[in-house]
Amino acid sequence: MLPVKPSMLLLHFTCVWHDMCLCVLVVPFIIFPAAAGFSLGILLKIGVTMPYIIYIGVTTTFLVAPAVVFFFEDRYNTLVRRDSDTRSRKVKRIIYFTVNYLFTLVALLPTLLNLPDQTDAKALTLRQFPCLPPDVLDTPGFYRASDDINVLAISCMSVNFFGFVQVAFFFGATALKVFNMKSTSKRTSEMQKHLFKCLCLQVATPILIIFIPCSYVVVLSAMSYLDQAANNIVCILLTVYGAFSTISMLVVHKPYRLATLQLFRFRSTTASTSLFVNSFS
């Protein structure tokens, strides 16, 4: 379990930051086909401008991709690679993940470097989507990031595709190794299979809650089709992802589940003892 902890910690930290950012700092309402929306979060209240808020919010969601990649690459490096402990391998991994994170951090720049005039952008949004209530466009902080949704769609799909290809490779290579182990004992082999299945179940959460719905909405956006129901569902899923991720981790990993239950039992016992003592004071 020890070799898995750094990748699990990174993924969990990313989930916590994702939740804090989208539920407290940004709180976005997004109209995906228009590449527009507004913020209800703390950042807007303290005077941060919308281009920076857009970059922080979108890039935070993008950061889930390299965290998931590292999750699977770590298993691949431990189980499949024979040179996992060599210095050269460690240097290559540092360079590899530096490239991954740099790509994620700059993926949105083509959109933000060509921001439209907001008066013209609002008029264009109303012409393209006349079904939108006018008061939505008059909401303080309403901002359109691009006149051409295809630029933003390409950025989003590039991050998704780049992450998916890497995860598919590491998943396939590790699965072949785990389910065809012959040089280890039966007990060790079963433990490795069980752990790998648990890790896959945990990582299924961001894939189901973030990547698939977001990819669906991005495709609709590229077609300039506004589905308000899908739009709202994706906004909700993005903000509750952290809760589902934590629950999935507690469900699939017994040590974490037992530690959490023990923590609640300890607090419950402490509270009961304190109440019993106070009743005699």
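This report walks through the fold, surface and cores of one protein chain.

## Overall picture

Welcome to a predicted model. The protein chain is built with twelve helices and three strands. Measuring along the principal axes, its C-alpha trace spans about 65 × 65 × 30 Å.

Contacts also tell us how the chain is put together. Among those in the protein chain with a separation of 6 or more, 75% are between residues 24 or more positions apart.

## Surface and charge

Of the chain's 281 residues, 43% count as buried. The protein chain exposes about 15700 Å², and 70% of that area is supplied by carbon and sulfur atoms.

Charged side chains are worth a look too. There are 23 positive and 13 negative ones in the protein chain, and the centres of these two sets lie 20 Å apart.

## The largest nonpolar core

Now turn to the inside. The largest nonpolar core holds 55 residues, and those touching the most other members are Leu11, Ile54, Val68, Phe72, Ile210 and Tyr241. Two or more residues each come from α1 (5-26), α3 (50-62), α4 (64-79), α9 (149-178), α10 (186-222) and α11 (228-252). The biggest contribution is that of α10, which gives eleven residues to this core.

Ile210 makes a good place to zoom in. Once its neighbours within four places in sequence are left aside, Ile210 is in contact with His18, Thr61, Val64, Thr205, Leu238 and Tyr241.

## A second core

Apart from the largest core lies another one, made of ten residues. Its members include Ile31, Ala36, Val136 and Leu137.

Key. Residues numbered from 1 in each chain as written. Predicted model: local features only at pLDDT ≥ 70, side-chain atom pairs only at ≥ 80, totals over all residues. Heavy atoms only, no water. Helix = DSSP H or I, 4+ residues; strand = E, 2+ residues; numbered from the N terminus. Buried < 20%, exposed > 50% of the residue type's maximum accessible area, 1.4 Å probe, protein only. Contact = heavy atoms within 4.5 Å. Areas by Shrake-Rupley, 256 points an atom, 1.4 Å probe, with all protein chains shown as cover. Lys, Arg positive; Asp, Glu negative; His and termini not counted. Charge placed at Lys NZ, Arg CZ, Asp CG, Glu CD. Core = buried A, V, L, I, M, F, W, Y, C linked by side-chain atoms within 4.5 Å.
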